[in-house]
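Let us walk through this structure together, one part at a time. Keep the 3D view open as you read, and turn it whenever a new element comes up.

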Amino acid sequence: MPELTATAGACPAIRAAIAGGAGYVGGELLRLLIGHPLVEVVAATSTRLAGRRIDTVHPNLRGLCDLTFTAPDRLGEADVLLLALPHRQTMDVLPAMLGTAKHIVDLSADFRLRDPAVYAGYYGVPHTAPDLIGAFVPGLPERHRAELKDADLISVPGCMATAGILALGPLAHLLDGPVEIDARSGSSGAGAGAGEANLHAERSGAMRVFAPTSHRHQAEITQETGLAVRMSATGVEAVRGVQLLCHGTLAAGAGEANVRQAYRRAYQDEPFVRVVAKRRGNYRFPEPKILLGSNFCDVGFAVEPQGRRIVVIAALDNLVKGAAGAAVQCLNIRLGWPERLGLEFPGLHPN
Ligand SMILES: NC(=O)c1ccc[n+]([C@@H]2O[C@H](COP(=O)([O-])OP(=O)(O)OC[C@H]3O[C@@H](n4cnc5c(N)ncnc54)[C@H](OP(=O)(O)O)[C@@H]3O)[C@@H](O)[C@H]2O)c1
């Protein structure tokens with residue numbers, strides 16, 4: 001790795017490389033892994049920016065990272081390889097990368113859906129590495145912790161999918177009929193290469209419905225929870241953050257107490273899921289604003305008085321619990337480290 005000019009971390013235990021290091025998720029992986037006490041970041045790739053200092057693209061890392069970007073075809077070996085590349089392209093390059101690292105964590109959509117036909121339906125192209133899909137363990141510790149302990153191929157779910165699964169998973173047996181999800185997302189969800197649609201003049205002040213029906217992440221939520229889900233998504237005035245409002249109907253005989261109990265059972269020992277159950281205040285329901293930069297997903301709910309209608313709300317930072325933070329949490333589990341290592345910080349308030 002000739003572009004390597006220095007390393008980060010005082011007492012490294014494993015060497016991590018990042019493919020797609022110039023993007024938003026790649027930048028967040030760099031931020032978290034450089035701060036991780038048992039990881040040394042040895043390389044981050046960029047096609048366009050090979051040879052340029054990483055902190056020219058991610059200026060928040062000035063003084064913390066002396067690396068330069070590596071060209072993808074010069075990426076050497078590492079203990080762990082994290083892929084933050086676009087979907088559809090990841091499945092083409094991943095097979096050739098299998099021997100380059102003992103552990104691979106993919107953050108794209110390409111190895112999340114078990115059924116290649118479902119993938120083709122949502123992503124518009126046939127899967128080019130269908131035989132590999134089954135080898136990936138979902139990077140969702142709250143539901144796959146035991147499998148993650150041995151997993152060498154990990155696929156982190158989508159940001160809105162993570163919020164939806166964490167919100168609805170524990171309630172699947174209490175719900176009757178399909179769930180309608182209204183999702184809101186900040187502009188970073190579209191990535192650094194989003195182009196004209198994300199120009200300040202076009203995006204600022206907009207409430208842009210970008211998926212009125214069938215948002216791709218609904219397939220992941222259905223796959224994981226078994227629930228029929230219909231999901232729309234809107235881009236709102238925020239850089240980071242995802243918030244889901246999930247509208248459902250409680251099964252006959254189920255009520256608020258059952259919901260509370262289901263969440264308590266599922267999350268009382270979870271380090272990064274908080275059930276928000278406040279009666280008053282600006283933050284009585286999950287709100288991405290106070291989660292920014294943190295690895296928490298907050299979940300809350302309201303049941304219609306004397307009714308069966310329930311609205312479940314979930315929020316997270318799309319680049320952290322919805323991407324890079326989840327990847328680090330999975331890595332901690334796989335390597336037998338404390339699950340909170342390198343992730344022990346709250347969001348910002350005020351911000
Ligand atoms: N943004 C989010 O909130 C979020 C959350 C969860 C998951 N994800 C997923 O994470 C992945 C990265 O998302 P992102 O938002 O970081 O996207 P991004 O900002 O657009 O970054 C994509 C990165 O991939 C590189 N790249 C593009 N085409 C490539 C190719 N053909 N071969 C190799 N490298 C290529 C780009 O840099 P170069 O062109 O310089 O190589 C860039 O560094 C996507 O699959 C996305 O769906 C995103």
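What follows goes from the domains to the sheets, then to the helices, the ligand and two backbone details.

Please keep in mind that this is a predicted model. A good place to begin is the division of the protein chain into two domains: domain 1 covers residues 14-135, and domain 2 covers residues 160-318. Their centres, taken over C-alpha atoms, are separated by 26 Å. Where the two domains meet, domain 1 supplies eight residues to the contact and domain 2 supplies seven residues. On the side of domain 1 that touches domain 2, five residues are nonpolar, one is polar and two are charged.

Now find the sheet that contains S1. Here six strands form an open sheet with parallel pairing, and the order to trace is S2-S1-S3-S4-S6-S5. Strand S2 (39-44) and strand S5 (137-138) stand at the edges; each has a single partner strand, so one side of each has no neighbour in the sheet. Further in, you can follow strand S4 (residues 101-106) alongside strand S6 (residues 153-155), a parallel pair joined over three bridges. One of these partnerships is easy to pick out: aspartate 106 has serine 155 of S6 as its bridge partner. Helix H11 packs on this sheet, where it touches S3, S4 and S6, and its direction makes about 145° with that of S4.

The other sheet to look for is an open one of seven strands, with mixed pairing and the order S8-S9-S7-S10-S13-S12-S11. Why do strand S8 (208-211) and strand S11 (273-275) each have one side without a neighbour in the sheet? Both stand at the edges and have a single partner strand each, so one side of each is left free of a neighbour. On average, neighbouring strands in this sheet are turned by 20° against each other, direction ignored. As background, strands of a sheet pair through backbone hydrogen bonds, and they may do so in a parallel or an antiparallel way. An antiparallel example is strand S12 (residues 297-303) with strand S13 (residues 309-316), which pair over seven bridges. Within that pair, glycine 300 has isoleucine 313 in S13 as its bridge partner.

Helices pack on this sheet too. Helix H9 (residues 217-225) touches strand S7 (179-185) and strand S9 (229-235), and its direction makes about 145° with that of S9. Helix H10 (residues 256-267) lies across S11, S12 and S13 and runs at about 165° to S12.

Next, look at how two helices meet. Two packed helices are described by the angle between their axes and by the distance between the axes. For helix H6 (residues 141-148) and H11, the angle is about 35° and the axes are 9 Å apart. Their crossing is right-handed. Pro141, Arg145 and Leu148 of H6 make this contact with Gln329, Cys330, Ile333 and Arg334 of H11. By class, the contact residues are four nonpolar, one polar and two charged.

With those parts in place, turn to the ligand. Where does the ligand lie relative to domain 1 and domain 2? Residues of both domain 1 (14-135) and domain 2 (160-318) belong to the shell around the ligand, so it lies between them. There are 31 residues around the ligand, and those that come nearest are Gly23, Thr47, Ser108, Gly191 and Ala192. Helix H1 (24-34) and helix H11 (320-334) are the elements that give two or more residues to this shell. H1 gives the most, with three residues. The shell is made of 14 nonpolar, 16 polar and one charged residues.

Two backbone details round off the tour. Arginine 88 has a positive phi of about 75° although it is not a glycine. You will find arginine 88 in the loop between strand S3 (78-83) and helix H3 (90-97). The other detail is the peptide bond from histidine 349 to proline 350, which is cis, with omega near 0°. Proline 350 is in the segment after H11.

Definitions and conventions:
Residues numbered from 1 in each chain as written. Predicted model: local features only at pLDDT ≥ 70, side-chain atom pairs only at ≥ 80, totals over all residues. Domains from an automatic or database assignment. Nonpolar A, V, L, I, M, F, W, Y, C, P; charged D, E, K, R; others polar. Near = placed C-beta within 6 Å. Helix = DSSP H or I, 4+ residues; strand = E, 2+ residues; numbered from the N terminus. Pairing = 2+ DSSP bridges. Axes fitted to C-alpha atoms, helices over the stretch in contact; angles between N-to-C directions. Left-handed = near helix turned anticlockwise from the far one by under 90°.
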